[in-house]
Amino acid sequence: MSQKVTRRQFLNYSLMGVGSFMAAGAILPMGRFALDPLFQGEAQGSMITTSVKTEEITEEPVKVDFSYEQQDAWYTSEVTDFVWVYRDGDNLIALSPICKHLGCTVTWAGDDANPDKFFCPCHNGLYEKNGKNIPGTPPRGPLDQYEVRDSDGFITIGEMFENELV
Ligand code: FES
């Protein structure tokens, strides 16, 4: 038994085929774009090596810059940040420079009257060297800590966590 395809059926099939092909060409890239962050691999390790030599670190806190890639949905950008790093015996300590009052940047020995403390110039906040907020000044909590290590002679910075020194 032979089945004849009418001219109308042939035209319908042809249009459906071409339409499907064009729809797939438009939808697949959009799907890939929407799901792209799910297919991105995790960052390689969480420690960031800086250009500061570990042997340069003393008991006096110094500013240590570090950079990392920040993923904001589909947008990747390079962010530069810094921590205060000092040596406490055999240990390296890294503290966040972000004030726990309203988020200004604290400096070491930034106040002439308190040369051995972290100082926040925004509202005269003060912190001990270990990050403990000094009662009577605006900050309500200690400076956060960062994981810090030596890696082949250079300071490496890891995750931030709540201060465990105070
Ligand atoms: S933001 Fe630091 S004391 Fe207010």
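**Strand pairing, core and domains in a predicted model**

Strand E5 and strand E6 (residues 118–120) pair in the antiparallel sense over two bridges, where strands are DSSP runs of E with at least two residues, numbered from the N terminus, and two strands count as paired if DSSP finds at least two bridges between them. The model is a predicted one, in which local features need pLDDT of at least 70 and side-chain atom pairs count only at pLDDT 80 or more, while totals for chains, interfaces and linings use all residues. Residues are numbered from 1 along each chain as its sequence is written. Within the pairing of E5 with E6, Thr107 stands opposite Phe119 of E6. These strands belong to an open antiparallel sheet of three strands, ordered E5-E6-E7, whose edges are E5 (107–108) and E7 (125–127), each pairing on one side only.

The largest nonpolar core (buried Ala, Val, Leu, Ile, Met, Phe, Trp, Tyr and Cys residues joined through C-beta atoms within 7 Å, buried meaning that 20 or more other C-beta atoms, placed from the backbone, lie within 10 Å of the residue's own) has 22 residues, and among those with the most contacts inside it are Val83, Ala94 and Ile157. The largest share of this core, four residues, is supplied by E3.

The protein chain is divided into domain 1 (1–39) and domain 2 (48–161), with bounds taken from an automatic or database domain assignment, and the C-alpha centres of these two domains lie 57 Å apart. Over residues 85–157 the chain is 0% helix (helices being DSSP runs of H or I with at least four residues) and 38% strand.

Technical notes:
Buried ≥ 20, exposed ≤ 12 C-beta atoms within 10 Å, placed from the backbone.
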